[in-house]
Amino acid sequence: MNSLRLNATFVDYLLVVAYFAVVLLIGFAARRRVSDSLDFFLSGRSLPAWVTGLAFISANLGAVEIVGMSANGAQYGMATMHYFWIGAVPAMLFLGVVMMPFYYGSKVRSVPEFMRRRFGTGAHLVNAISFAVAQVLIAGINLFLLATIVNALLGWPLWVSLIIAAAVVLSYITLGGLSAAIYNEVLQFFVIVAALLPLTLIGLHRVGGVSGLIDKVRAGPGGAGDQLTSWPATTLSGFQNPVLSVLGIVFGLGFVLSFGYWTTNFVEVQRAMATSSISAARSTPIIGSFPKMFIPFLVVIPGMIAAVLVPEIEKLKAGQSSPLTYNEALLGLIRDVMPNGLLGIAIAGLLAAFMAGMAANISAFNTVFSYDLWQQYVKKDRPDGYYLKVGRWATVGATVVAIGTALIAAGYSNLMDYLQTLFGFFNAPLFATFILGMFWKRMTPTAGWTGLVSGTLSAVAVFVLVNTGVWNLPGQGGAFVAAATAFVVDVLVSVLVTLVTEPKPAGELAGLVYSETPKRDRTDPDADRLPWYRAPVTLAGISLAMVIVLNVIFR
């Protein structure tokens with residue numbers, strides 16, 4: 001870490017302190033709006049779509065997105081664009097157009113609660129526990145990288161940095177609940193862009209512009225391979241056969257991992273559920289898709305610049321020993337190119353990203369723990385204030401546990417490898433169960449939980465085979481195959497179990513299954529009177545057209 005010590009001045013420190021002060025003030029301001037558990041966990045379902053749309057994307061724009069995607073950019077180059085244009089935007093649009101009416105219309109407070117209504121307590125318990133575990137693991141990633149910034153800025157030991165970083169996030173989430181998280185996420189979105197845009201432009205200037213970057217990448221180890229093209233991305237997928245590589249990315253990343261993450265991940269869905277109408281809920285992920293498709297220019301490109309400009313990352317690319325990992329590519333670039341003053345903004349931007357990601361994980365965890373585990377299985381029928389207290393204590397507990405899981409994240413040189421593995425374990429089987437249950441009314445409660453468990457175990461089996469060397473899949477191919485396997489196994493087991501078990505009566509599936517839900521219950525009665533720029537389907541069509549154009553231009 002010593003080689004990453006940032007030469008900050010008084011002005012830089014002042015900017016960081018000012019940012020922290022604003023974050024805490026938002027927490028105090030939001031506290032005055034928290035009068036019951038619905039306010040704390042879902043902002044009273046009162047926020048406008050533009051606020052939740054920016055919060056939706058900011059919650060995802062955390063440590064993993066910033067550091068993980070810049071690490072991917074440094075290691076794999078342009079192929080990383082697939083995580084945005086193939087692996088995000090289509091699924092976000094599907095969530096807004098197709099799935100949000102069911103989430104919002106059913107008035108559930110969480111994704112696991114939707115699973116309980118559709119499949120009963122078996123699938124609900126499996127989903128709630130796996131989601132809670134996933135959130136503290138992912139919060140640990142954000143916390144580890146947040147502590148890395150504090151360490152680079154102040155030179156404090158990692159364990160001290162972890163505790164300080166955790167304390168700040170804990171403060172504003174405990175004070176203001178989801179409202180504090182969402183309003184801070186809106187602020188953090190603009191702070192992140194203000195940090196990354198100058199970094200990208202200054203970095204490009206230092207390498208001689210876009211043409212200079214292309215020349216330097218081509219002159220790199222192995223002539224850059226497929227680093228300057230997004231397809232067929234054989235290095236990223238781990239498949240040397242171009243056809244298998246494309247199939248792996250489209251099915252493993254673009255379908256299973258992407259749809260599994262965006263459509264069932266309560267961290268994201270929670271933001272849309274805090275809105276005031278079905279149309280606003282549907283618009284939330286669609287509005288978020290517009291900045292999402294342009295974010296790679298601010299995270300992937302700086303990673304590619306770091307690979308040709310930061311000496312330690314150049315060594316790493318050449319296969320030599322280096323004191324830095326790919327995770328530190330962005331920090332190395334900030335150290336080498338950002339002048340004082342802008343350095344403070346860059347640091348504040350990274351802190352904003354990491355706090356946004358961790359706060360999103362913790363606020364989703366406390367909702368699921370309080371409503372779906374504690375209220376459902378431990379203490380039922382208590383006063384509302386009791387569950388509000390449980391939520392606040394769950395926030396403290398999750399933050400403490402995240403300090404421990406941060407040490408797991410520290411063992412990965414590219415955190416995207418770790419994150420995609422977690423998504424394969426938790427999100428891929430959940431998506432299979434969810435999509436089957438939403439469109440196939442015959443699917444039974446028993447099939448719901450057995451499919452989830454089988455899918456997760458199959459992903460773990462693939463992970464073990466890859467990590468013990470039995471199956472050689474470099475890059476992130478192991479994660480793609482694990483996710484695809486989890487999805488297929490979940491579907492097969494669910495179908496087989498459904499054929500020999502009893503389904504729920506059709507009368508109990510209204511609002512939960514597409515064919516059993518009247519159109520009036522999944523549409524906004526005022527939708528026809530909305531202008532085009534507030535109409536979810538129209539916005540989704542524009543977004544889809546734009547992302548197709550980007551895929552064609554940068555293929």
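Here is a chat between a student and a tutor about a predicted model.

Student: Let's start with helix H19. Why is Thr395 called buried or exposed here, and which word fits?

Tutor: Thr395, which has its place in helix H19 (residues 384-409), has a relative accessibility of 0%. Buried means under 20%, so Thr395 counts as buried.

Student: What makes the link between Thr395 and Gly391 a polar contact?

Tutor: The side chain of Thr395 reaches the backbone oxygen of Gly391 at 2.8 Å. The cut-off for a pair of N or O atoms is within 3.5 Å, so the distance qualifies.

Student: What is the story with Asp381, in the loop between helix H18 (342-378) and H19?

Tutor: Phi of Asp381 is near 55°, a positive value in a residue other than glycine. Most residues other than glycine have a negative phi. As for accessibility, Asp381 has a relative accessible area of 75%; exposed means over 50%, so that is the word for Asp381.

Student: And how do you know that Arg382 sits over the ring of Tyr386?

Tutor: Arg382 lies over the face of Tyr386, at 5.1 Å from the ring centre. The distance limit is within 6 Å, so that value passes.

Student: On to ring pairs. What makes Phe114 and Phe434 a stacked pair?

Tutor: By the pairing rule there are 21 aromatic pairs. Phe114 and Phe434 form one with 5.0 Å centre to centre and 15° between the planes. Centres have to lie within 6.5 Å and stacked planes are under 30 degrees apart, so this pair is stacked.

Student: Why do you say that pair ties parts together?

Tutor: Phe114 lies in helix H7 (residues 111-119) and Phe434 in helix H20 (residues 415-439), so the pair ties together parts that are 320 residues apart in sequence. Phe114 is buried, with a relative accessible area of 2%, and Phe434 counts as buried at 3% relative accessibility.

Student: Why is the pair of Phe189 and Phe190 called edge-to-face?

Tutor: The ring centres of Phe189 and Phe190 are 5.4 Å apart and the planes stand at 80°. Edge-to-face needs over 60 degrees, so the name fits. Phe189 counts as buried, at 10% relative accessibility.

Student: Which residues form one aromatic cluster?

Tutor: Phe94, Phe251, Phe255, Phe259, Phe431 and Phe487 do.

Student: Now the empty spaces. What makes something a cavity and not a pocket?

Tutor: In a cavity the probe fits but cannot get out, whereas a pocket is an open set. There are 4 cavities of 30 Å³ or more in this model. The second largest cavity holds about 100 Å³ of space. Its lining includes Asn127, Ser130, Phe131, Thr264 and Asn427.

Student: Which helices supply that lining, and what is its class make-up?

Tutor: Helix H8 (121-154) and H20 each supply at least two residues of the lining of the second largest cavity, and H8 gives the most, with 6 residues. By class, the lining has 6 nonpolar, 6 polar and no charged residues.

Student: What about the second largest pocket: how do you know which class of residue lines it?

Tutor: The lining of the second largest pocket counts 13 nonpolar, 1 polar and no charged residues. The volume of this pocket is about 340 Å³. Of its 14 lining residues, the closest to the centre are Met78, Val210, Leu213, Ile301 and Phe554. Helix H9 (158-207), helix H10 (209-218) and helix H15 (296-309) each supply at least two lining residues, with H15 giving the most, 4 residues.

Student: Why is helix H17 (residues 329-337) said to be largely enclosed?

Tutor: In H17, 7 of the 9 residues are buried, so the helix is largely enclosed by the rest of the structure. Among the buried ones are Ala329, Leu331, Gly332 and Val337.

Student: Last one: why is Ile163 called partly exposed, while Ala281 is called buried?

Tutor: Ile163, in helix H9, has a relative accessible area of 43%. That falls between 20% and 50%, so Ile163 is partly exposed. Ala281, in helix H14 (residues 278-294), is buried because its relative accessible area is 0%. Ala281 and Leu47 are 234 residues apart in sequence and 9.7 Å apart in space, C-alpha to C-alpha.

Note on methods:
Residues numbered from 1 in each chain as written. Predicted model: local features only at pLDDT ≥ 70, side-chain atom pairs only at ≥ 80, totals over all residues. Heavy atoms only, no water. 1 Å grid on protein atoms, 1.4 Å probe; cavity = no way out; pocket = protein on both sides within 12 Å on 5 of 7 lines; lining within 4 Å. Points joined across faces, edges and corners; volume = space filled by probe spheres on them. Nonpolar A, V, L, I, M, F, W, Y, C, P; charged D, E, K, R; others polar. Buried < 20%, exposed > 50% of the residue type's maximum accessible area, 1.4 Å probe, protein only. Polar contact = N/O pair within 3.5 Å; in protein donor to acceptor, adjacent residues only side chain to side chain. Phe/Tyr/Trp six-rings, centres within 6.5 Å; stacked < 30°, edge-to-face > 60°. Lys NZ or Arg CZ within 6 Å of the ring centre and 35° of its normal.
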